[in-house]
There are 2 protein chains.
Amino acid sequence: MSLVVVGSVAYDGVETPHGKVERMLGGACTYIALSASYFTDVSIVGVVGEDFDSSDEALLVSRGIDIAGLERAPGKTFFWQGVYSEDMNDRTTLRTDLNVFARFDPKLPPSYREKPYLLLGNIQPALQRRVREQMSHPKLVGGDTMNYWISDFREELLETIRQWDFLLVNDGEARMLSEETNLKRAAEKIMSLGPRTLVIKRGEYGAALFTPDGHFTAPGYLLERVVDPTGAGDCFAGGFIGYLASAGVSAADFAHAGRELRRAVIYGSVMGSFCCESFGVQRLRNLSRREIDARFQEFKAATEF
Amino acid sequence: MSLVVVGSVAYDGVETPHGKVERMLGGACTYIALSASYFTDVSIVGVVGEDFDSSDEALLVSRGIDIAGLERAPGKTFFWQGVYSEDMNDRTTLRTDLNVFARFDPKLPPSYREKPYLLLGNIQPALQRRVREQMSHPKLVGGDTMNYWISDFREELLETIRQWDFLLVNDGEARMLSEETNLKRAAEKIMSLGPRTLVIKRGEYGAALFTPDGHFTAPGYLLERVVDPTGAGDCFAGGFIGYLASAGVSAADFAHAGRELRRAVIYGSVMGSFCCESFGVQRLRNLSRREIDARFQEFKAATEF
């Protein structure tokens, strides 16, 4: 079933121990949408500048992504530049030019409003809330956030996530949001803030899922070669919500959809792992559902006991 | 089947965010032996000083541990003191008094030499080799090491592990030993050095097992409260080898004992998790096999998909 994704569409400059790319398509919305497009129909809401390349637009369209909500504004597209550490567990931002993204005011095309699934990528919490309010009656709503909103826009963020069915964060963000060091206690606290389901992404170490019925932990997929981790967390989110949309899971049966939620976490991990294999969105251009399912099975084989 | 464990028997002074203990029983051999004692018969080889408390000796004996190989030498017992960081992922050594351990020359009582299982705790590689040579024909030999031996005694260490069936290290040590950043490639390289099976302990993030038949990854057990991580890696080793000994797995069928090896990794994780719940060996005094198996099942429930 159809999914709406909101977030940044950007150009990135990235350097990792495996090389350097001056400028390539990026942004949370882009990664989430491309990843989810292997599972379900996707419609995006975002803003780009006059410099947005027609070949990048063509890539989104080639994956069946509805770009009716992709606004083209005067000025330049959001640009981010960063460099990764030797082990790629840390990165330093060298440049952030918000450009047209600074005035992003997401407006949903009428055709989007009845859609059942909504994934709010990491943007200002008040904007996330405004998008949510434009939807008629979504079956399932969740999203992502980051340290900056947790520290400097805390009240706004708390008011926003109160309406969500699920929240996706990394361990550091979970600890920051909950003010708890222990992950399990952090999760319990966050779930009392609104989202009844929480996914904590742990990078190369996998992910943990918390629901009112209990928790699920998955190790990371062991990649032989990590080329560029940019977007892996967003690809995780895309695989997670994309799978849930394909399975037709709604908030109403969310608490008892344990099996589907666990599978969604694994599909998220699978998509995040593919993302790391090449620079930018390269690996997401022409994956096949067959490759995705093969890796899902590989995951199963490597974790069963 | 019977297991011989060699390593340090010590007193530790430990400070964590949950408190401070000036002096308590510790040492790799102690933790490994106590942990393994829940699975199989254990005989230890170590050295203590004149200050070794009779109540600590009594604890070992109460767990059925054979202390015929525990030498009592003139002087004081090995003493280590350390303090953990707020998140307990790092620790700083404040004091290391080798004392009688500085002249440790492990000699196996004749009654030990025919025993089938040998776990070489983290001591000088040449001493580990000498112990191995005193055993007649063990069914399965493996051990642990640390960064100091990898960097400063590399050749000696390589010669020692060449004779082992398995090696247990943490991620940092695996990277250091292999000179590879990527964990999967690090594992392949280490396996070419001798040990056909490798277990990489990843602390709170779980463990990875590598065999010629493929790999297995397990997330960490999510503890609500980590009081003191000291000895958790050794308890992992004790649960791992202890389970293999109880299942009668030998080096000959090691490569095809995939299921048992995976279960051994989970039992290792279970024992490591119990260890963290209290200071020192406290939690290992009176566990029951029932509690251990219940946590094994909990692990299964939290990882199946």
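This short presentation covers the arrangement of two chains and one sheet in a predicted model.

Let me begin with the relation between the copies. Chain A is superposed on chain B by a rotation of 180°, with 0.0 Å of shift along the axis and an RMSD of 0.0 Å. The two copies are therefore related as by a two-fold rotation axis. Within chain A, the C-alpha nearest that axis belongs to A:Pro219, at 2.3 Å from it.

Which surface does each copy use to meet the other? Of the interface residues of chain A, 100% are also interface residues in chain B, so the copies meet through the same surface.

I turn now to the sheet in chain B. As a general point, the strands of a sheet pair through backbone hydrogen bonds, either parallel or antiparallel. In chain B, an open sheet of 4 strands follows the order 3-2-6-7, and its pairing is mixed. Strand 3, residues 19-26, and strand 7, residues 91-97, are the edge strands of this chain B sheet, each pairing on one side only. Direction ignored, neighbouring strands of the sheet are turned by 15° against each other on average.

How do strand 2 and strand 3 of chain B run relative to each other, parallel or antiparallel? They run antiparallel, and 6 bridges join strand 2, residues 10-16, to strand 3. Opposite B:Tyr11 stands B:Leu25, in strand 3 of chain B.

Finally, these two strands also have a helix lying across them. That element is helix 1 of chain B, residues 28-36, which runs at about 80° to strand 3 of chain B.

Terms used. Residues numbered from 1 in each chain as written. Chains lettered and ligands numbered in written order. Predicted model: local features only at pLDDT ≥ 70, side-chain atom pairs only at ≥ 80, totals over all residues. Heavy atoms only, no water. Least-squares fit on C-alpha atoms with pLDDT ≥ 70 in both. Contact = heavy atoms within 4.5 Å. Pairing = 2+ DSSP bridges. Axes fitted to C-alpha atoms, helices over the stretch in contact; angles between N-to-C directions.
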